[in-house]
Amino acid sequence: MLSKMASSPPDTSKTIKIERYNSYLRRVNSTKLLINASSKVLFRATLLIALALIFYFVLHYPPLSDAPSSFHLHTTRRNFLSSALYGPHAGGPSWEKQVRHSSTPRRPNGMSVLVTGAAGFVGSHCSLALKKRGDGVLGLDNFNDYYDPSLKRARQALLLKHQVFIVEGDLNDAPLLTKLFDVVPFTHILHLAAQAGVRYAMQNPQSYVKSNIAGFVNLLEVAKAVNPQPAIVWASSSSVYGLNTENPFSESQRTDQPASLYAATKKAGEEIAHTYNHIYGLSLTGLRFFTVYGPWGRPDMAYFFFTKDILQGKAIDVYRTQDGEEVARDFTYIDDIVKGCVGALDTAEKSTGSGGKKRRPAQLRIYNLGNKSPVPVGKLVSILEGLLSTKAKKHVIKMPRNGDVPYTHANVSLAFRDFGYKPTTDLSTGLRKFVKWYVNYYGIQSKVRKETSAGGNNNDHPEESN
């Protein structure tokens, strides 16, 4: 019995079970590791694909809508792209060559001017006028979609034909502004970029703060730090007079009762200009524009959309005051405004700061640029009816409380005294030039007087649309 027990093989069933269990655990752990590794790889790949798709759509597709709701998102997107393409670590030799070439004056003692808002209405006209007399001009514009960007692109193409290069970027892009001043020692800045329009402020108030206040401060911050500091001429607005009842409007009158957020941001700009002049010695000249009109104008202005609606047979709203009086504006033709801007630049004294510190008092000025002749809006409509040979369908209503003021009238004696500003274009003459440009630009010939459109297509020159 003992011998049988001694010769029987040992029981290995427990060992086999343990080894099988350990093998199972190893397979489970290996599977978990593989799953974890695969998940990480899949997550990273998905993230990279998503980023690539986002960047592709940002580069190649416009916003889904041109409505005001898309404006802020579209501008933010452009700021990102501007920093990526034109920031201090990019741009490249070819880009810098374009910037320098456009900014170099061609006449003795010519200015080198950075024009912000150069693809805009006033900016494009001023840029061309400065370039044609031999000054160096570099444009800056963010091409936002407050109104049809294709009109801004057409202005850009026109300026490029005259060797004016526009950098696409935003005022709030500090690295871009710093890069521009690193490349070019600008002698002057003509700051015309702004969020315009009184009524739109009720829909998108933040865009006014971002552009008219934050953007202006950002520009001044860069300008104060460069050496030498540039002299700055910038666009304020007749809207700052707000609820003022004294006529005509003079620079010495109160401007502390704005009727709209747009007016408030422009008034804030005037106070900000005073501060940077006082602390940093920047030479600053503010220009209060009065209802500028003319060829290549803004589609959101009454004369522009009245023309469009009259030609299309649509009704137009003609406002009267709450008291039933006619609304009147001091309509100022674009060529007169350009002469005022150039005159202000020519008489601007040098800034007095260095290294961000004021060395001595610097020039600080504010001027009205208007036409001195208020015209009722009803008269504007009558002139357009004659030029378009079409009767307007007028809808006369009381002016809504949306920030508009009933009457503007500029006293321009101060601008005349200091740089010879003297407007010469009456409303009938200016509207005739505008209508001829309009029908040529949009290819409209029917129903318009032959004498209005005679003379061929003059789209090549904003100031030759007459």
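A salt bridge is taken here as a side-chain nitrogen of Lys or Arg within 4 Å of a carboxyl oxygen of Asp or Glu. In this predicted model, glutamate 271 and lysine 267 satisfy that criterion, their closest N and O atoms lying 3.1 Å apart. The two residues are four positions apart in helix α9 (residues 261-280), so about one helical turn separates them. Glutamate 271 is partly exposed, at 42% relative accessibility, whereas lysine 267 is buried, at 18%.

Salt bridges that share partners also join Arg107, Arg133, Asp135 and Asp346 into one network. Within the structure as a whole, 14 salt bridges are found.

A further intrahelical pair occurs in helix α4 (residues 92-103), where glutamate 96 and arginine 100 are four residues apart and therefore separated by about one helical turn. Their side chains form a salt bridge with an N to O distance of 3.5 Å. Glutamate 96 has a relative accessibility of 17% and counts as buried; arginine 100, at 40%, is partly exposed.

The salt bridge between aspartate 135 and arginine 107 has its closest N and O atoms 2.8 Å apart. This pair connects distant parts of the chain, with the two positions 28 residues apart in numbering. Aspartate 135 belongs to the loop between α5 (121-132) and β2 (136-141), and arginine 107 to the loop between α4 and β1 (112-116). Aspartate 135 is buried, with a relative accessibility of 0%, while arginine 107 is partly exposed, with a relative accessible area of 28%.

Methods: Residues are numbered from 1 along each chain as its sequence is written. This is a predicted model: local features need pLDDT of at least 70, side-chain atom pairs count only at pLDDT 80 or more; totals for chains, interfaces and linings use all residues. Side-chain values use heavy atoms; hydrogens and water are left out. Buried means under 20% relative accessible area, exposed over 50%, partly exposed in between (1.4 Å probe, protein chains only).
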